[in-house]
Every structure is written in structure tokens, then in C-alpha cells.
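Biologist: I should like to learn how the features of a multichain model are read from its coordinates. May we proceed feature by feature?

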Amino acid sequence: MTFSTMIMRGRHKQIAQSILSGKRLDGRGLTDYREIKLVTGIIESAEGSARVYLGKTDVIVGIKIGIGEPFPDLPNKGVLTVNSEFRPIASPNFRAGPPGEKSIELSRVVDRGIRESSAVDLEKLCIIPGKKVFVIFIDISILNHDGNLIDASAIASLAALLNTKFSNYEVENDEIKIKTGYTQLPVLNHPITVTVAKIEDKLVIDPSLEEERVIGAKLTITVEDSGNICAIQKSGSDYFNKQLILEAVKLTNEKIGDLRKIIVED
Amino acid sequence: MPIFYEQRELVTPGDLIADGDYMAGDSTYKEDDKIYATRVGLVNYEGRRLNVVALKAFYVPNVGDLVIGEVVNVNLGSWNLDIKAPHLATLRASDVLDRSFSPQRDDLPSIFDVEDLMLSKIVACDRTRDPLLTIREPGLGKISGGQVVEITPTKIPRVIGSKGSMVNMLKKETGCQITVCQNGLVLIIGKTIEKERLAIMAIRKIDQEAHTKGLTERVTEMIQKENQGV
Amino acid sequence: MTKKPLTLINKKNIRVDGRKLDELRPIKIELNIIGNANGSAYIEQGKNKILAAVYGPKEVHPRHLALPDRALLRCQYHMSPFSVKERKRPAPSRRETEISKVIRECLSPSIFGEYYPRTSIDIYIEVLEADGGTRCSGIIAASLALADAGIPLRDLVAACAAGKVEEHLVLDLNGPEDNKGTDMPIALMPTFNAVTLLQMNGILTTDEFEQALNLAVKGCEQVYTLQKEALKARYINVKEEVEEE
């Protein structure tokens, strides 16, 4: 039984049927990732960067570090922001203009994983308590959209954080002086994000764009180093029952090892 | 074939009403042989057919329905009417003129203008098209007098009564000409404004008490009592 | 993070607002309170005060957004500037945009949108006062507003959060608990055991997650009962009249 009102025709029907039969049209098993390629440190003007290819999905993340004011309720902590751009270059369906809800959701889901796992040691980014802190801008740019943008963006964001360096500095009479040399950004935790998609009662990993058109709902689960869950997001207009949710969590736990290896040991 | 709600019981969306060999009627749906309510309303078994008489619903047009609509747009060659449905209905100039429309010759606002009320019939309507109206039948056309009262569309059958018993009684007792439309609007044309008001009062009572038994008797009684007072 | 002393839950497992760990905040629901709307509902849940209104099904504006096979469902969750301590800027924030999306997606499976192609159903949720768990309160009210509008539904959508505060699993987190602990809101169509919304931020082990999920489902079932009562209360006269005969 499914409540999805999507009318499946032709290709859509084929995709759905192949998933239900346990083998996908591109030959993958239901829980196989496409080939993941990761390149880091590719943008010299950025303090950190990474580019991830998930099959044909292509996402680049650049990290810039600026100096700004801390939040009034967190005077001793640096600031971290995640933004994403779905530029028209990546898909005929993306339009120029302010971020839409999908872009905002993606940014916030990636942000939640990094924030809730305390991946970045924000206290180390405080320069003058209450006055000056480092601000980390994680900017995600989609270069080619072929599905599963959240996983690709999360992998790229963590990989970029891991190769982020910022200038050494000195505080003299409340003035910040940049010195020569760089310090590695202190990363304490490695949140790994896996999106599990549902079609009827089957779970699928790393859906391609055409699979996403058939899929009614997805669960994006982020797991930290200790194995605890630190963020979840359900999206899409279909539902999960309790059993499938627990299966999705199990499946995620089976997948994070491989992903962590790719990102951390890169 | 267990049933979980009896005749006239109040249900809410998602309530499982019956399991087994029933047909899903109004405001219900069937899945795996189970019949669930989709609206707040009262359970009504009609043999094997199971309905929920919705206490709140909106009008969905069907071909052949008599409707009252208000002109809201005058276009080139047609009018748009609000018939209290999700979509605006269209009345084509050619239907009214009985010949093809000529932009040079015909001035549509001078025929029917915005805010005019029209009694009309739906001639076409499906998932891909907005409702299309006609007034080319006796009695249809612009409403020029009387009163229009609005009630919940799901209660229209009660105003008509079985084989027209309720509406015939209303006509007889009030002396008014009463036209009941499927979109929840009722046109009342009486000899005096008092008679019209009496008919409106009776129709409002039917709207509020549609689900109760012995309604025809009580409405008759009310009208007769009022008639003596007038 | 500077740890404040543990104060939200006392030694007898009673929470700051006097509730037990698995207790909902008091919920008050009223229906049909916005005359212009096709359906509306108001909810108070603890200090949360939230309005929901539904317009439609009606013609889609702008027209090109109309869908040929079903109704276009739109949802706007919005917080009034005065609903929180620090004034909230009235323009929709990224948080509000995300919440609007997940609420729309969680109500969508409950609506027979395929009955009304080329129309729109617009859901507006206005948070007048916020004290944690506003998306859940908003969903509870919005689902009732849909029923009140006479839109056919597969089931009502109930919503409730569970989470972890100071090492305890708790139900229906209020503002201070939400700020400090792990929050996991869910939405449920109880007749079909269908979880239509699931979000989490904070830390839970896999076992805790499963327990919290069970707890939230139980909370939703209690909320569902209250939703049905509220819908029936609107027609209580009808019921009494039926019973008289």
C-alpha cells in the first residue's frame, strides 16, 4: 500500500519494478553506492575545499573563514554557517534566484549533522570573547545534479573541513594581527550522513535523479564517531512505518564505515 | 462482516466503519476490504452501500447538476461564474446568443454583467476541464427576483426529500416557487417577502437538523404555526 | 559548552513545568475560528498558541503552477514577530522555510489530493506564541483545519516529539527542554501506523532512538484522541439530537 499519488508511467514504472525486484536499472544492488570520488584542496583561494562525485552527481564545497562577532548567548564560540546554491548550471530545473526550500533543507540538514556532533571545536575559534571570533562559511555548490545531493554535500563538507587551514594570528591591544603560517581547523568528530530512500516496502541507498522521481520518501540519518545518531530528517510526501525506520537505521550503520574510510583516510 | 459504527453514529476521518463486503459510498474509501470515513459526518447504511453524510463539505460539480452562480468575469466571448465549486464555471456567449459570437456586434456586459446571479445547468465537466454551463432550457437564465439561500451542499437531498416530498410540502405550505440547486443554493420566489422569509427559515432548519428523523413533520408544524401568526 | 546545573528534571523525575517524563502538556483545541477560511483550528499546548487555516480546494494562482493530476498542496509556517523573547524578523527565515516543507510533506499523504486536479489547497500556520514543539502543535491544528474544511482525508495526522533531556527520555519537550536536550518530533497517521514526519537533532544511541520513537508514537496516539474529541465537540449538538431519538 502506498499513498504516493504519483502517476507512474513508462520509465517510472520500469524503475519502480526493477527496484521491487531487488536489482536497479543501472545494475546496482539496492544498498550499493555509485562510485564515490573525492578530491580535496582544489580551490586555492578557499581555506578548505573538496569536490565529490557520486556517480554523475558533482558537488563542490568551499570553506572561507572570516572574522566576525559571536552570538550574544555563545560569546566564547566561533560561528559556523552552511549555505548551498542550486545554480542553473547543474540542472535544467534549477533557476537563478534566492535559495528555494530544497536548497535550504539541504543546508540545514548538513549543518545539523556538523553542529549536533560538535564536529568543529568552535571554542578554539574564539579570538576575543564576546567580541571577535572566526566565522566558518561552508558553501556548497551543486555542479551537476544526478540525485542524492544531501549525501554528496555532507561528504564534501566534512572532507573540506578536514583540509581547512586558517592563518595564525596574535591579539595585541584588542587588535588582531595575522602572522605567517597556518593552523589546521580543529575537527573533533566525523559525522557521516546516509540517505535511505523508500519505495513501497523496499529501502534503497544513493538514489539517482531518475530514481528520486519515483521515490516517495527518504530518511537522512547522520551518525557520529561513537556510533550515536546525531541528526535525522525525513523528506518527501510518503510515509515510513516503524519497522522500516528501524531497518533504515540499521542499514545506515552498515554503510558508515565505508564512507568514513573514504573521507577520513583520504 | 463486522461493523464498528452503527447507523447515524458520528465519525471522523480515518475511523474504520466496517470490514467486509460493503461498497464505499460518499465520504468514505475502501482499502483491503475495510471502509474508512474521510470526513466528519454521520454513518448511513443504504443496504450494502456505506455513506458518511458529511457535516461539512464543498460542492463538486457533475454533468446535469442545476446550479446558481454569480458572474465574476466577463471575457471576450464568455462569462465566468462562481458556482461555489473549486473551479470557476464558464458560460459561452454562443450558448446565450443561439448563434456564433461576433466581437463587433455583441456587447457581453450589456447581456449579463458582474454580480448577476444565473440559474444554469452543467453540460460538461471532467478532470481536465472547468465546468461548462448552459441556460438553453426552460426556466434557466438570469435571476431577477426572489431570495437565494445557501446551505451545506451535502444536505440538498434532505431539502428535496424522498421523491420530492420535502420540497413539495414547502411549496404547498408557503406558496413559494422553490428551485433547489445541487451546489447548495436554493432559489425562493414568493408572493410576499414574508412568505419568502418563512421558506428560508424552513430551509435553514432542514440544514441544521438534516440528520434527524421526523423532520418533515416538524418543519410542516413550524410553517403552519408561523402561517397562523402571519 | 558551559554546563549549567541539572535543573530541568528533579530527583523525583518531575519536570520544570510539573509534568511526568511521559506526560503531554495540557492541550486545548478550538475549531472554525477564522470565518474567511474554508477550515481553521486553534491550539494551545502548554504555552504554545497556534492558529491554522485552510483555503481550498480552489483555483491555483499563479495558474501555471496547477497540476494536471492532483491538487497543489502549499504550506506556510510562520512565526509572529512577538511570538518569541527576541523579536523575530517577519520575513520567512530558513528555519521557517524548512518547517513549511516538512509539514506540507507530512500532511500530504493524508489528503485525497487526486480528487481535485488543477486546484490548490493552501495551509497557513501562524505561531502566536512559541514554547518548543511548535511544528507538532502546528501539524495537529493544520490537520484539524483540513478536516474542518471538508477536505476528504485518509486519517488525521497527529504529531508529538520525544527526546532526551538530562539523561532522561521525555515526551513533548517544552522550550527550555528543547534548547538543552535532544529533540525528535514525529507525525503519525495512527490508523495506518504511518510515520509522515521524522526529524531529530541531538545525540541518541540506536537503542535510545528506538525507545524515543515508541514514546513519540504513544504521544501521537494520545494527541489523536484529543483531535477526534475536538472535531466531534464542534458537532456535539448533532450528536445529542441523534441520541435523543
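Biologist: In the hairpin of strand 15 of chain B and strand 16 of chain B, which residue takes a positive phi?

Modeller: Please bear in mind that this is a predicted model. The residue is B:Gly184, with a positive phi near 90°, and the hairpin has four residues between its strands. Strand 15 (residues 177–180) and strand 16 of chain B pair in the antiparallel sense over four bridges. Within that pairing, B:Ile178 has B:Ile188 of strand 16 as its bridge partner.

Biologist: With which further strand does strand 16 of chain B pair in the antiparallel sense?

Modeller: Strand 14 (residues 147–150) of chain B is also antiparallel to strand 16, again through four bridges. Here B:Val149 is matched with B:Val186.

Biologist: Is strand 16 of chain B largely enclosed or not?

Modeller: One counts its buried residues. Strand 16 (residues 185–189) of chain B has four buried residues out of five, so the rest of the structure largely encloses it.

Biologist: Which residue takes a positive phi in the hairpin of strand 4 of chain B and strand 5 of chain B?

Modeller: In that hairpin, which has two residues between the strands, B:Asp32 has a positive phi near 50°. Strand 4 (residues 28–31) and strand 5 of chain B are antiparallel and joined by four bridges, and B:Thr28 has B:Ala37 as its bridge partner. Strand 5 (residues 34–37) also pairs with strand 2 (residues 16–19) of chain B, antiparallel over three bridges; there B:Asp19 stands opposite B:Lys34.

Biologist: How is chain B divided into domains?

Modeller: Chain B comprises domain 1 (10–54), domain 2 (66–142) and domain 3 (147–229). Taken over C-alpha atoms, the centres of domain 1 and domain 2 of chain B are 36 Å apart.

Biologist: How is the compactness of chain A to be judged?

Modeller: The radius of gyration is set against a rule for globular proteins. Chain A has a radius of gyration of 20 Å, close to the 18 Å that the globule rule gives for 266 residues, so chain A is as compact as a globular protein of that length. Its C-alpha trace spans about 70 × 35 × 35 Å along the principal axes. Chain A contains five helices and twelve strands, and 44% of its residues are buried.

Biologist: How does one check the length of a helix, for instance helix 2 of chain A?

Modeller: The expected span is compared with the distance between the end C-alpha atoms. At 1.5 Å a residue, the 16 residues of helix 2 of chain A should span 22 Å, and its end C-alpha atoms are 22 Å apart, which agrees. Of those 16 residues 13 are buried, so helix 2 is largely enclosed by the rest of the structure. A:Ser118, which follows helix 2 of chain A, has a positive phi near 50°.

Biologist: How many residues of chain A are in contact with chain C?

Modeller: 28 residues of chain A are in contact with 33 residues of chain C. On the chain A side, helix 2 (101–116), strand 12 (229–235) and helix 5 (242–264) each supply at least two residues. Strand 12 of chain A gives the largest share, seven residues. By class, this side has 13 nonpolar, seven polar and eight charged residues.

Biologist: To which strand of chain C do bridges join strand 12 of chain A?

Modeller: Four bridges join strand 12 of chain A to strand 9 (residues 194–204) of chain C, and the two run antiparallel. In this pairing A:Ile232 stands opposite C:Met200.

Conventions
Residues are numbered from 1 along each chain as its sequence is written. Chains are lettered from A and ligands numbered from 1 in the order in which they are written. This is a predicted model: local features need pLDDT of at least 70, side-chain atom pairs count only at pLDDT 80 or more; totals for chains, interfaces and linings use all residues. Domain bounds come from an automatic or database domain assignment. Two residues are in contact if their C-beta atoms, placed from the backbone, lie within 7 Å. Ala, Val, Leu, Ile, Met, Phe, Trp, Tyr, Cys and Pro count as nonpolar, Asp, Glu, Lys and Arg as charged, and the others, Gly among them, as polar. Two strands pair if DSSP finds at least two bridges between them. The radius of gyration is taken over C-alpha atoms; the globule rule is 2.2 Å times the number of residues to the power 0.38. A residue is buried if 20 or more other C-beta atoms lie within 10 Å of its own, exposed if 12 or fewer, and partly exposed in between; C-beta atoms are placed from the backbone. The expected span of a helix is 1.5 Å times one less than its number of residues.
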